[in-house]
Amino acid sequence: MQACSNEKSMLKIPLRIYAIFFSLLLIAIVAILYRASPTAALLYFRPQAILEESMTDVQAWRFDKEGRLIQAVEMQSWLHYKDQTTSQMISPRLKMYHLDGSLWNISAKTGESFQTQIHGKLEKLKLSQDVIVLRTTQENQKAWELKTQHLLFLAQNPQAMTDDAVVVNGPGMKIHATGLRADLEKHTLEFLKDVRTDYATPQA
């Protein structure tokens, strides 16, 4: 009886190895797919979802009551799945124009938009992977630049937030922190914790 038990244990070990091997193989396949085509990788991850609509090289604009351009959205690809209130974006880029002439430029590798209706007004946008927020002045000069890996953008009262690590490059300084709350209308930033500021050494 003991010999039989040992045989069963020996048979279980290769099965575990095979399971680990195929899991690693699946991860490698998805990574290759993403490099070749992020859209294909998204489809691969959603085998049960029904793709209802998709577009490439998308551009959309939002104007205020006076007809002034206030927001512009561009992306490489846009995918919407049936019965979902979210849509998937590849390489989204969001621009926000202010009355004072300043501009917010927000970009990332991927994004997920939330809206009640499929072609309705954008309510919020969840950005992921190499998120960059750039603010420029009326003279088109860079005021500061923020980098993080995830960012949630709320469109109604324009705000941005993250709990991830952030790095902000400004004139003569660099700020490292964890977590951020930004009011894009008032141009204010609030860092949550672990804040460290490095100042540039003045040139002699």
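Helices (H or I, at least four residues) and strands (E, at least two) are DSSP runs, numbered from the N terminus. Two strands pair if DSSP finds at least two bridges between them.

This is a predicted model, where local features need pLDDT of at least 70, side-chain atom pairs count only at pLDDT 80 or more, and totals for chains, interfaces and linings use all residues. Residues are numbered from 1 along each chain as its sequence is written, and side-chain values use heavy atoms, with hydrogens and water left out.

**Exercise 1.** Find the strands that pair with β2, and give the bridge counts.

*Solution.* Start with β1, residues 51-63. It runs antiparallel to β2, residues 69-81, and 11 bridges join the two. Gln-59 has Glu-74 of β2 as its bridge partner. Next take β3, residues 86-90. It pairs with β2 in the antiparallel sense over 4 bridges. Here Trp-78 stands opposite Met-89. Then take β4, residues 93-97. It is antiparallel to β2, with 4 bridges. Gln-71 faces Met-96 of β4 as its opposite residue.

**Exercise 2.** Which residues in the hairpin turns have a positive phi?

*Solution.* The β1-β2 hairpin has 5 residues between its strands. In its turn, Gly-67 has a positive phi of about 85 degrees. The β2-β3 hairpin has 4 residues between its strands. In that turn, Asp-83 has a positive phi of about 65 degrees.

**Exercise 3.** Judge the confidence along the chain using pLDDT, the predictor's confidence in each residue, from 0 to 100.

*Solution.* The chain average is 78, and 72% of the residues score at least 70. Now look at residues 1-13. Their pLDDT stays under 50, and the model has 0 contacts (heavy atoms within 4.5 Å) for them beyond four places in sequence. Where pLDDT is low, the predicted coordinates should not be read in detail.
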